[in-house]
Amino acid sequence: MDITLLVAIIIAVVLLAAGGFFLVTTRRSVEPGKDETEPEPTGAAAGATAVEDRERDPGTVSTPPAQAPPPVRETVEPAPPELETPPPSAGRMVRLRARLARSQNAFGKGLLNLLSSDSLDEDTWEEIEDTLITADIGVASAAQIVENLRTRVKVLGTRGTEEVRTLLREELLAQITTGADRAVRTGPHDGRPGVVMVVGVNGTGKTTTTGKLARVLVGDGRSVVLGAADTFRAAATEQLETWGSRVGAPVVRKEEGADPASVAFDAVARGVEEGADTVIIDTAGRLHTKTGLMDELGKVKRVVEKKSQVDEVLLVLDATTGQNGLRQARVFGEVVNVTGIALTKLDGTAKGGIIVQVQRELGVPVKLVGLGEGPDDLAPFDPEVFVDAILSTE
């Protein structure tokens with residue numbers, strides 16, 4: 001090979017190697033992927049770049065932007081319910097007399113019209129007796145009233161409206177009035193509170209009656225503890241707590257499905273511990289035909305009596321059920337020794353004669369009557385006010 005050509009090739013190789021080295025050095029002086037003329041990144045890109053810079057240079061710590069402290073939220077405690085001051089029991093039924101009169105007016109007016117008719121023949125007397133039976137006074141009581149009226153009208157020979165009203169009033173009072181004490185035994189004695197059990201079938205207004213009775217007692221200045229022993233129905237417990245919170249009566253409760261006897265026992269124990277005047281126990285509604293449920297009710301009473309005597313067992317009856325209410329009363333009376341009747345919805349029916357029949361056949365007095373849906377529409381039963389309302393002409 002010509003020496004001149006070999007030298008030229010060597011020089012060319014050296015020049016190419018030097019050029020490549022120069023290009024590599026120049027590229028390293030510029031940050032990879034970034035042209036010197038590119039604008040500075042902003043917004044999210046700037047944040048990402050800053051993160052990358054910190055990752056490449058751990059010694060550099062950037063200061064985060066200043067942020068306003070989160071607002072302080074004030075916790076507002078719910079205001080306790082305002083306690084209500086119920087009216088006292090005295091005079092309650094007198095105040096509710098007009099409401100009772102409206103529901104029983106047709107019954108009383110029908111009797112007065114028949115007795116004041118010009119001719120009191122056999123058909124008229126039979127109609128009078130039918131009217132009494134329709135009002136659920138009962139066959140035996142209706143027959144007794146008619147027999148007494150026939151004798152007195154015949155002897156006195158009177159047809160005047162006022163005189164007839166007086167005779168009818170006396171006969172109705174004679175059937176309703178009994179020698180039994182109508183007072184609900186709720187007062188403390190022997191260092192323990194009075195204990196009241198409220199029993200009855202479903203739908204008679206048992207829990208509502210319990211709450212209203214608590215209002216009656218608080219209105220009379222008594223302290224009350226409520227026992228939510230209807231553990232089969234969560235709504236009953238919530239309802240009872242609402243009644244109690246209105247008048248400041250604490251409610252002893254347990255989880256749904258708990259042993260009712262245990263709840264009742266704890267309620268009485270709390271009443272004793274706190275020195276309460278009265279403990280009222282609301283029991284679960286049950287059909288009077290269900291033997292197992294009725295036995296359980298007897299158990300509740302037995303367990304409570306290990307702590308304190310049960311002073312009152314109130315059977316809540318719905319006045320609109322008529323004769324069925326009497327059958328209920330018999331079964332409950334056999335299981336827990338009912339001492340009194342609370343007759344609800346008396347303002348919604350003309351069958352107030354059930355009062356006579358219950359008392360006559362069971363020897364149990366009606367002690368309380370419900371005369372409306374208002375919170376203070378439960379009243380101690382007063383026979384004279386009741387009869388006067390029936391015979392009212394207003």
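**Exercise 1.** Find how far apart the end C-alpha atoms of residues 365-378 lie, and work out the helix and strand content of this span.

*Solution.* Start with the ends: their C-alpha atoms are 16 Å apart in this predicted model. Next, take the secondary structure, which comes to 0% helix and 43% strand. Finally, look up the annotation: UniProt, in an unreviewed entry, gives residues 365-378 the feature "domain: SRP54-type proteins GTP-binding".

**Exercise 2.** Step back along the chain to helix α13 and list buried residues there.

*Solution.* The helix covers residues 354-362. Buried within α13 are Ile354, Ile355, Val356, Gln357, Val358 and Gln359. Continue past the helix: just after α13 comes Gly363, with a positive phi of about 70 degrees.

**Exercise 3.** Asp136 and Asn337 are not glycines; what sign does phi have in Asp136 and in Asn337, and is each residue buried or exposed?

*Solution.* Begin with the background: most residues other than glycine have a negative phi. Asp136, however, has a positive phi of about 65 degrees. Its place is the loop between α5 and α6 (139-156). Asp136 is buried because its relative accessibility is 7%, under the 20% cut-off.

Now turn to Asn337, where phi is also positive, near 55 degrees. Asn337 sits in the loop between α12 (323-336) and β6 (340-344). With 52% relative accessibility, Asn337 counts as exposed, since the cut-off is over 50%.

**Exercise 4.** Which residues form a negative surface patch, and where is Asp123?

*Solution.* The patch consists of Asp121, Asp123, Glu126, Glu127 and Asp130. Asp123 belongs to helix α5 (residues 122-134). Asp123 counts as exposed because its relative accessibility is 57%.

Conventions. Residues numbered from 1 in each chain as written. Predicted model: local features only at pLDDT ≥ 70, side-chain atom pairs only at ≥ 80, totals over all residues. Heavy atoms only, no water. Patch = residues over 30% accessible without salt bridge, like charges linked within 9 Å, V, L, I, M, F, W, Y side chains within 5 Å. Areas by Shrake-Rupley, 256 points an atom, 1.4 Å probe, with all protein chains shown as cover. Salt bridge = Lys/Arg side-chain N within 4 Å of Asp/Glu carboxyl O. Lys, Arg positive; Asp, Glu negative; His and termini not counted. Charge placed at Lys NZ, Arg CZ, Asp CG, Glu CD. Helix = DSSP H or I, 4+ residues; strand = E, 2+ residues; numbered from the N terminus. Buried < 20%, exposed > 50% of the residue type's maximum accessible area, 1.4 Å probe, protein only. UniProt positions renumbered as here; feature names shortened; annotations may be inferred.
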